[in-house]
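Biologist: Could you pick one part of this model and take me through it closely, then show me how that part sits within the whole? I would like one connected account rather than a list.

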Amino acid sequence: MTLDLRGYQPRHPTLYQLAADGESLDFVFAQCPACGHLAFPADAPGCSQCGDPMKDAARITRPGTGTLLEFVTLHVPLLPGMQVPRIAADIRLGEDGPIEEGVMATTDESQLRVGMPLRAVAHPLPEGEVFDCRFVPATEAQR
């Protein structure tokens, strides 16, 4: 049974929001009003395709999917309070979106393989009704 996080708030609302199922995440993009390009994150200072400042950019959500490009297990905290071990990964968002760094939900590298499809899910944080983004194999998110 999964925890339904509807009512919780995203730690980074310009990056992701809770999907309708209460567990998965949708990524938030800004659509350039000049050329239609989708920029990530949604608060990007301008369009990387045409240079438009995107002051009137519409916010567009897309399912939080991606492809695992590479990963590494961190054994030393990079930030105060960071729990280790933790797997950091480079993930291509969507079919042909930007490459972003993400955190895997698992700490077991044997569950991962380069090229596997991923799904972003909400991960509740200990400070209250707030969630962060973690990635799981796409098949795991559909259980």
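**A strand inside the sheet**

Modeller: Happily. Six strands form an open sheet in the order β1-β10-β9-β6-β7-β8, and the pairing in it is mixed. The edge places belong to β1 (9–10) and β8 (99–103); each has a single partner strand, so one side of each is left without a neighbour in the sheet. Please keep in mind that this is a predicted model.

The part I would pick is β6, which stands between β9 and β7 in that order. As general background, strands of a sheet pair through backbone hydrogen bonds, in either the parallel or the antiparallel sense.

Take the β9 side to begin with. Strand β6 covers residues 65–74 and β9 covers residues 117–124; the two are antiparallel and are joined by three bridges. You can follow the register residue by residue: T65 faces R119, and G66 faces L118. Going up by one in β6 thus goes with going down by one in β9, as the antiparallel sense of this pair would have it.

Now turn to the other flank. There β6 meets β7 (residues 86–93), again antiparallel, this time over eight bridges. One of the pairings to look up on screen is L68, whose bridge partner in β7 is I91.

A good residue for a closer look is T67, which belongs to β6. Setting aside neighbours within four places in sequence, T67 touches D90, I91, R92, G94, G115, M116 and L118. Two of these names have already come up: I91 is the bridge partner of L68, and L118 is the residue opposite G66. The relative accessible area of T67 is 26%; buried would need under 20% and exposed over 50%, so T67 counts as partly exposed. In a regular strand, side chains alternate between the two faces of the sheet. For a sense of distance, T14 lies 53 residues from T67 along the chain, and their C-alpha atoms are 21 Å apart.

The loops deserve a look too, since a chemist will want to check the backbone angles. Most peptide bonds are trans, and most residues other than glycine have a negative phi. In the loop between β6 and β7 we find P85, and the peptide bond leading into it from V84 is cis, with omega near 0°. A second cis bond runs from F40 to P41, with omega near 5°; P41 sits in the loop between β4 (38–39) and β5 (58–63). That loop also holds M54, which is not a glycine yet has a positive phi of about 55°. M54 has a relative accessibility of 7%, so it counts as buried.

Stepping back, the protein has one helix and ten strands, and the helix comes after the strands along the sequence. Its radius of gyration is 16 Å, which agrees with the value near 15 Å for a compact globule of 143 residues. The C-alpha trace spans about 45 × 35 × 35 Å along the principal axes, and 36% of the residues count as buried. Of the contacts between residues at least 6 apart in sequence, 48% join residues at least 24 apart. Carbon and sulfur atoms make up 51% of the accessible surface of about 8,500 Å². Finally, there are 11 positive and 19 negative charges, and their mean positions are 2 Å apart.

Methods
Residues are numbered from 1 along each chain as its sequence is written. This is a predicted model: local features need pLDDT of at least 70, side-chain atom pairs count only at pLDDT 80 or more; totals for chains, interfaces and linings use all residues. Side-chain values use heavy atoms; hydrogens and water are left out. Two strands pair if DSSP finds at least two bridges between them. Helices (H or I, at least four residues) and strands (E, at least two) are DSSP runs, numbered from the N terminus. The radius of gyration is taken over C-alpha atoms; the globule rule is 2.2 Å times the number of residues to the power 0.38. Buried means under 20% relative accessible area, exposed over 50%, partly exposed in between (1.4 Å probe, protein chains only). Contact means heavy atoms within 4.5 Å. Accessible areas come from the Shrake-Rupley method with a 1.4 Å probe; for residues, only the protein chains shown count as cover. Lys and Arg count as positive and Asp and Glu as negative; His and the chain ends are not counted. The place of a charge is taken as NZ of Lys, CZ of Arg, CG of Asp or CD of Glu.
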